[in-house]
Amino acid sequence: MSLFIKAEDHNLVEAIVREVITARWNQLKPDQKNDGFRENAFTPKLVVSISARHVHLTDKDVKTLFGYDELKKMKDLYQDGFYAAEETVMIVGPRRRMLPTVRILGPTRAETQVELAFTDAISLGIDPPVRESGKLEGTPGCVLVGPKGVVELRQGVIRAERHVHMNKNEAIFYGVKDKDRMILRITSDGCSTTFENVLVRIGNGLKLEVHLDTDEANAADLEHAEKVELLNANCNYKCHASAA
Ligand SMILES: [Zn+2]
């Protein structure tokens, strides 16, 4: 198999990717075959989810805001191990502008982080940067108000960078590595939209899922989308398309 493939030869690229995936598939143990792939089809199931404004808390901040140690699970999220908690907090910005009930997502983290869509940030009166989750240096702070206490954050408010979670097999399928950028095309009546710079985040046990914020999803009318496609940015918008 030649490693030198003309970028425009998508059929060949696709054939080779299928060959690699098939070879890899045949090497997998039966329990690994459930890791993101449908039986008899090497097309991962693409899910595009809306990540509405939310807060991640440290153990210490849970205790301060709610007076107890453990968040109460309300609903499991699509990614295993993650959940929406029953708890919400009030977020207060400058000049007492606030968002009254913002959902907490669990489990707890090493650093408290507030993720807002641009519209949320405008209504709160702050201007957070677009950041990868966890990269909080130099970001604005805010005040969190819970039923039992108040936390003043010096930093931690971001607009979460659009991203896609996937496992290693799915990364091979799309021909991407961790931190690469992909393209998401949403086809919907009257407002089809193509998102660039979709950050790839690969991890064991992750399911293929794109996270957009509410502004992004609403702009493309994701709710009524006819088709979603995740594309390798190096393939000129054409290869490895996958509809939901
Ligand atoms: Zn995410």
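# Reading the zinc site, the sheet, the salt bridges and the cavities

Analyst: Start with H165, which counts as buried at 9% relative accessibility. The model is predicted.

User: How do I read that label for H165 and for H163: is each buried or exposed?

Analyst: The label follows from a cut-off, because buried means under 20% relative accessible area. H165, at 9%, is therefore buried. H163 has a relative accessible area of 8%, so H163 is buried too.

User: Which residues coordinate the zinc ion, and through which atoms?

Analyst: Read a metal site by its donor atoms. Here H163 and H165 each donate through NE2, while H211 donates through ND1. Their distances to the zinc ion are 1.9 to 2.1 Å. Along the sequence, the donor residues follow the spacing H-x1-H-x45-H.

User: Where does H165 sit in the strand pairing, and what is its bridge partner in β14?

Analyst: The partner of H165 is E209 in β14. Strand β14 covers residues 209–212 and runs antiparallel to β11, with 3 bridges between them.

User: In what order do the strands of the sheet come?

Analyst: Read the order from one edge to the other. The sheet is open and has 6 strands, ordered β1-β14-β11-β13-β12-β15, with mixed pairing. β1 (47–50) and β15 (227–232) are the edge strands; each has a single partner, so one side of each has no neighbour in the sheet. From one strand to the next, the twist averages 30°.

User: How many bridges does β12 make with β13 and with β15?

Analyst: Take the two neighbours in turn. With β13 (residues 193–202), β12 runs antiparallel and is joined by 5 bridges. One residue pair there is L184 with F195 in β13. The hairpin of β12 and β13 has 5 residues between the strands, and G190 takes a positive phi near 85°. With β15, β12 pairs in the antiparallel sense over 6 bridges. On that side, M182 stands opposite N232.

User: How should I read a salt bridge, and how many does a search of the whole structure find?

Analyst: Side chains of opposite charge can pair when their charged atoms come close. The search finds 11 salt bridges in the whole structure. One of them joins E161 and R181, whose closest N and O atoms are 3.0 Å apart. E161 lies in the loop between β10 (157–160) and β11 (163–166), and R181 lies in strand β12 (residues 181–187), so the pair ties together parts that are 20 residues apart in sequence. E161 is buried at 18% relative accessibility, whereas R181 is partly exposed at 33%.

User: What other salt bridges can I look at?

Analyst: D76 and K73 meet through their side chains at 3.1 Å, N to O. D76 counts as exposed, at 51% relative accessibility. K177 and D180 form another salt bridge, with the closest N and O atoms 3.1 Å apart. K177 is exposed at 55%, and D180 is buried at 18%. In addition, E132, K135 and K179 are joined into one network by salt bridges that share partners.

User: What do the cavities look like, and how many of 30 Å³ or more are there?

Analyst: Rolling a probe the size of a water molecule over the atoms shows where empty space is left. This structure holds 2 cavities of 30 Å³ or more. The largest cavity contains about 80 Å³ of space. Its lining has 15 residues, and those nearest its centre are S51, E115, A160, L212 and D213.

Note on methods. Residues are numbered from 1 along each chain as its sequence is written. This is a predicted model: local features need pLDDT of at least 70, side-chain atom pairs count only at pLDDT 80 or more; totals for chains, interfaces and linings use all residues. Side-chain values use heavy atoms; hydrogens and water are left out. A salt bridge is a side-chain nitrogen of Lys or Arg within 4 Å of a carboxyl oxygen of Asp or Glu. Buried means under 20% relative accessible area, exposed over 50%, partly exposed in between (1.4 Å probe, protein chains only). Helices (H or I, at least four residues) and strands (E, at least two) are DSSP runs, numbered from the N terminus. Donors are N, O and S atoms within 2.8 Å of the metal (3.2 Å for Na, K and Ca); water is not among the atoms, so sites may look incomplete. Two strands pair if DSSP finds at least two bridges between them. Axes are lines fitted to C-alpha atoms, for helices over the stretch in contact, and angles run from 0 to 180 degrees between N-to-C directions. On a 1 Å grid over the protein atoms alone, a cavity is a set of points where a 1.4 Å probe fits but cannot get out, and a pocket is an open set with protein on both sides within 12 Å along at least five of seven lines; lining residues have an atom within 4 Å of a point. Grid points are joined across faces, edges and corners, and a volume is the space filled by probe spheres set on the points.
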